[in-house]
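Here's a quick briefing to read alongside the model. Have the sequence and the 3D view open as you go.

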Amino acid sequence: MTHNVLHRGYGITIDLSASDLGHPDRPGLLQEIHRNYKPDLLYCLGAHEYGTVCPGFMTIVEKNGRYHARHVTKGEVPETTGESELHKALKNHTAETASRDGFGVTVEDRAVHGRRRTDVTIAGANGKKIGYEIQISPIASGSVDTRTRTAVADGLTPLWLVTNENSLAIDRAPWARLNVQRWQDVGSRDALRVRGGVKALQMVRCDWTTQRECHKTGTRCNGWHAAWNRRRHTTTTWCA
């Protein structure tokens, strides 16, 4: 358990040992968190600062009259529910657009080993395949990592489609954020605008010109690390 946790909605650190949570300008913040709680609202502060993998969601619990934040182990809180209408609309749009353009499409692509079920798999030239993961509901970062590794091991290039700018899939795996919130916004033939996503992977010198500490040493190792060169808030239209 810990007293400090990151509120991903506001991008602030919460100090549960303080009566005002460290934010006197936000009265009633604790009640607001309980009232509008979502599994990916609170995030491990250490994992956020050092870029490591958080073992799961976090929640606030009361013990002996004091509040603490603790990790919710994977499986304790369901990460997904039945498909929403928006999820179904995006899945159908992706499949229909790719099929219309002549690509091979498999919906609900289930691997033989049983550890992967991809929303839409699209086969392109030279046998290359993209596995679309449409993630509308909250998900733990550890699940993003596991599902991404599984897809890659199966020969897929994973692409996570998200609609929430705070999705834990962002910057953990190849992703694209679509600016849609209702299934009615997804037209059968209308292109969808991408508001952010990974553009390219590049090698970056790990020295004091970089803004982030080395994920191996915690300082600067003067070596080279892979980093995403990303674009956010673009106006590029998207289609499968």
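Let's start with Leu 45, which touches Asn 4, Val 5, Leu 6 and Thr 13, leaving aside residues up to four places away in sequence. Keep in mind that this is a predicted model. From there we move on to the cores and the rings.

**Around Leu 45**
- Leu 45 belongs to helix α2, which covers residues 45-50.
- Its relative accessible area is 15%, so Leu 45 counts as buried, the cut-off being under 20%.
- His 7 sits 38 residues away from Leu 45 in sequence, yet their C-alpha atoms are 9.1 Å apart in space.

**Nonpolar cores**
- As a general backdrop, nonpolar side chains in soluble globular proteins tend to be buried together.
- Here the largest nonpolar core has 17 residues, and the ones with the most contacts inside it are Leu 90, Tyr 132, Leu 161, Leu 178, Val 180, Val 186 and Leu 192.
- Two or more residues of this core come from each of α3 (85-100), β7 (117-123), β8 (129-135), β9 (156-162), β10 (175-178) and β11 (192-205).
- The top contributor is α3, with five residues.
- There's also a second, separate core of 14 residues, with Ile 12, Leu 21, Ile 33 and Met 58 among them.

**Rings and charges**
- If you're hunting for aromatic pairs, the structure holds zero.
- Arg 26 lies over the face of Tyr 10, 4.1 Å from the ring centre.
- Arg 8 has its charged end over the ring of Tyr 43, at 5.8 Å from the centre.

Technical notes
Residues numbered from 1 in each chain as written. Predicted model: local features only at pLDDT ≥ 70, side-chain atom pairs only at ≥ 80, totals over all residues. Heavy atoms only, no water. Core = buried A, V, L, I, M, F, W, Y, C linked by side-chain atoms within 4.5 Å. Buried < 20%, exposed > 50% of the residue type's maximum accessible area, 1.4 Å probe, protein only. Helix = DSSP H or I, 4+ residues; strand = E, 2+ residues; numbered from the N terminus. Contact = heavy atoms within 4.5 Å. Phe/Tyr/Trp six-rings, centres within 6.5 Å; stacked < 30°, edge-to-face > 60°. Lys NZ or Arg CZ within 6 Å of the ring centre and 35° of its normal.
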